[in-house]
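User: Please take a close look at one loop position in this model, and then relate it to the strands and helices described elsewhere in the chain. A formal, connected account would be appreciated.

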Amino acid sequence: MNINAGDLPVIPPVIPLDGRRAVLPPTAAPSGGGALRRARARSGLGRAGFAALLVGAARPQLPDALEPLVRAHRSHHPRADTALLGRAYAVAEASHRGQTRKSGEPYITHPLAVTMILAQLGAETTALVASLLHDTVEDTAVTLDQVREGFGDEVAYLVDGVTKLEKVDFGAAAEAETFRKMLLATGEDVRVMVIKLADRLHNMRTIRHMKPASRVRIAKVTRDVLIPLAERLGIQVVKTELEDIVFATLHPEEYARTRDLIAAREAAQAEAVDPLGEFAGQLRRQLREARIAAEVSVRPRHCVSVHRTWMNRSELTPSDFGRLLVVVEENADCYAVLGELHTCWTPLPGEFKDFIAGPKFNLYQSLHTAVTSGPGEVTEVLVRTERMHRIAEFGVVALDTPGACGADAAEVERDELDRTDPARPGWLSRLLDWQRETPDADTFWSALTADLSGDGELTVVTEGGRKLQLPVGSSCVDVAYALGEDVGHRCIGARLNGRLTALSTPLHDGDSVDVLTETGEPGGPAPEWLAHARTPSARIAIERWLAEHPAAPAEAELLATGPLPGSLRAAEAPRPQLQPLPQPAAAVTAAALPGAPVRLARCCTPVPPDDLLGFAIRGGAVAAHRRDCRTGIGMATAGRPPIELSWTHDAAPSGYRVTVRADALGRPRLLADLTAAMSATGVDIVSASVEPPQELRVRHTYTVELPDSGALPELMRAMLRVAGVYDVYRAGPQGVESAGNGDTSGDAGNGDDRSGAAVRPSSPGMSADTATFSETVPPNASH
């Protein structure tokens, strides 16, 4: 069946076009605590009166006020029980009798208007009944038990979900706690939030009767919380109207200018040929020739959308005021339309998006493309099926399973090609997870607005195949804490798509992330992680850990925690440095100069059994260099005669100094753990330095004095066992570039250092669960 976009029920525009000024819609204000008590006193509707209303309202005759509502409801649900609506209206009208709104209208006009909005969206009867009664428990003498007795548990649950908490009981936290209560109720039945959005929409339509301060406060809450929730539930018609009213309330001058611009565009369109309309006609003819049944219409942009485009461009084109919408019968027809578009008109590179194969987080599905429709003219086109269009406009309300979004909804049979999922959306699950960790109302409110401020979701896959839904802008830190608070506290790094990466790396949809953790007691997060955490659950867990574990004052500890503060430049980063002691003479002999003292060169720190090359220095001594030392090679190139050296068989058991480096992922207490592990092997640390961290990776350099010539492999193995260390190697000869580590700092890294062959980390070197390395290396392995 073909469908015309104009045939679908829509919410009529509430902000009229006016070329001279912005016309704000009228206002309504929810009753406060004092108004509630007065209303209940006036109502006097007791249990007997409530029962009498239910009996009297059972008559099949419906009041005239319900006729438009019933017509709108039956256009979606022809077999709806309208008698139940009549009963609910009778109770609501009698309960609110005598109450008026700020505008002076009878209060019953508000629940009627809210219910009409829901009927236009296509909500089922239960939601409409709850909507008619949604203010009775809050503002009248009707109790929740009476609603349950008269209309059942389901209606009572919805009414309770949207009932505000009293300021008398919660004070300034009442609003935040009310939203917390609604979110919890929405987790069991999404219709709670749908009713709340309809309620807020009608209140915003009548906002001009409020005091200026109240208008601004309500508009800001709507902007920060309700509009993002409407977006996440996919209810586009409510979201766009709320955006326009909030824009008109908070920025009346900008709103007026934008409305004048739209009015001028419509006037010019009436007098001349409309490029969008002309292109729509061409596309209709082309699809008809291709035998593709489709309805093509021009879809105007709403005021906020036009304003955003205007702010980015100095001059607007006709296509900036609207897009073409093509509605077809089947999914395959969408791609057929796309083929005709890209065959007959030139598509713009990078403008095609397939939200059918990959729906948005709010169940939205469409094909998006843009083509050149004329000289200098670009037209955006949306292609979708009838059902996709209804979901794009009305979101969860248009699903086949309106109401509960739990397991029962997920079991409903759906078309295999339909990628929408009426089960609880990921963003709602996240909200319900972290809100339990925030007993403080202010913390909850700030975390809620921060979580809703994002504009979408992404999906990442962990090493175990688990899929995580995170807000756009999340980093590896958020993945770690999404796997559990204990995993987050033990996290020391991550592999992104198979490559080691910094925890601060932002994620993209479809990324594969492996979280690397330490064993033993958790080291905990660094304060800098807060700058990379996007999800409230991660931020709350990090802040709680930091509050419970104050940072150690030692400067060396601060260096090991990760990136330095932005105010401290890398070049100015302090380096803990121990003064080296004079290098003693070593058990090395020079055959050409018997009896000459031989000293080990400090540039390459040779250790048995390194190949040696000596050069005569002042005082009749000989300097012993490693044969591959660049300093020694340079001396030989300059013409200085080399002297052959050899280690004596009766070499002294100590006195050998060597410089080793450890590359690690920065974490708290890394310096302390490394020095403790080194000291346990019996070596003396002569000097130590820590380079400024680069993307959470840090390099430690140590000059140590070995207790014997064979202690080096044991030392390097001990350093590799320290959590977070992923590579240990001897500092190579000066000036030689690293062969294996990509380092060009002037050291050879692992170069040709055979003495460290027994302690190379196993491949890939780091587990997704722990930073422990293997000590097993094939015989005769070289670095």
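Analyst:
**A loop residue and its wider setting**

Arg-291 has a relative accessibility of 80% and therefore counts as exposed; exposed means over 50% relative accessible area, buried under 20% and partly exposed in between, with a 1.4 Å probe and protein chains only. The model is predicted, so that local features need pLDDT of at least 70 and side-chain atom pairs count only at pLDDT 80 or more, while totals for chains, interfaces and linings use all residues. Residues are numbered from 1 along each chain as its sequence is written, and side-chain values use heavy atoms, with hydrogens and water left out.

Arg-291 belongs to the loop between helix 16 (275-289) and strand 1 (294-300). Helices (H or I, at least four residues) and strands (E, at least two) are DSSP runs numbered from the N terminus. Most residues other than glycine have a negative phi. Arg-291, although not a glycine, has a positive phi of about 60 degrees.

Asn-497 offers a second case: its phi is positive, about 55 degrees, and it is not a glycine. Asn-497 lies in the loop between strand 9 (491-496) and strand 10. With 45% relative accessibility, Asn-497 counts as partly exposed.

The strands flanking Asn-497 lead to a sheet. Five strands form this open sheet in the order 8-7-11-9-10, with mixed pairing; two strands pair if DSSP finds at least two bridges between them. Strand 8 (467-471) and strand 10 (499-501) are at the edges and have a single partner strand each, so one side of each is left without a neighbour in the sheet. On average, neighbouring strands of this sheet are turned by 40 degrees against each other, direction ignored. Strand 7 (residues 457-462) runs antiparallel to strand 8, and five bridges join them. Gln-469 in strand 8 stands opposite Thr-459.

Strand 19 has a different setting to describe. Eight of the ten residues of strand 19 (residues 697-706) are buried, so this strand is largely enclosed by the rest of the structure. Strand 17 (residues 656-665) runs antiparallel to strand 19 and is joined to it by ten bridges; Val-704 in strand 19 is the bridge partner of Val-658. Strand 18 (residues 684-690) is also antiparallel to strand 19, with six bridges joining the two. There, Thr-701 in strand 19 is the bridge partner of Ser-689.

Turning to helices, Thr-126 is placed in helix 6 (residues 125-132). Thr-126 counts as buried, because its relative accessibility is 18%. Leaving out residues up to four places away in sequence, Thr-126 touches Glu-154, Val-155, Leu-158 and Arg-191, where contact means heavy atoms within 4.5 Å. From Thr-126 to Asp-81, the C-alpha to C-alpha separation is 9.5 Å in space, and the two are 45 residues apart in sequence.

Helix 12 (residues 191-205) packs against helix 13 (residues 212-232) at an angle of about 145 degrees, their axes 11 Å apart. Axes are lines fitted to C-alpha atoms, for helices over the stretch in contact, and angles run from 0 to 180 degrees between N-to-C directions. Residues of helix 12 in this contact include Met-193 and Leu-197, which belong to the group meeting residues of helix 13, among them Ile-218 and Leu-226.
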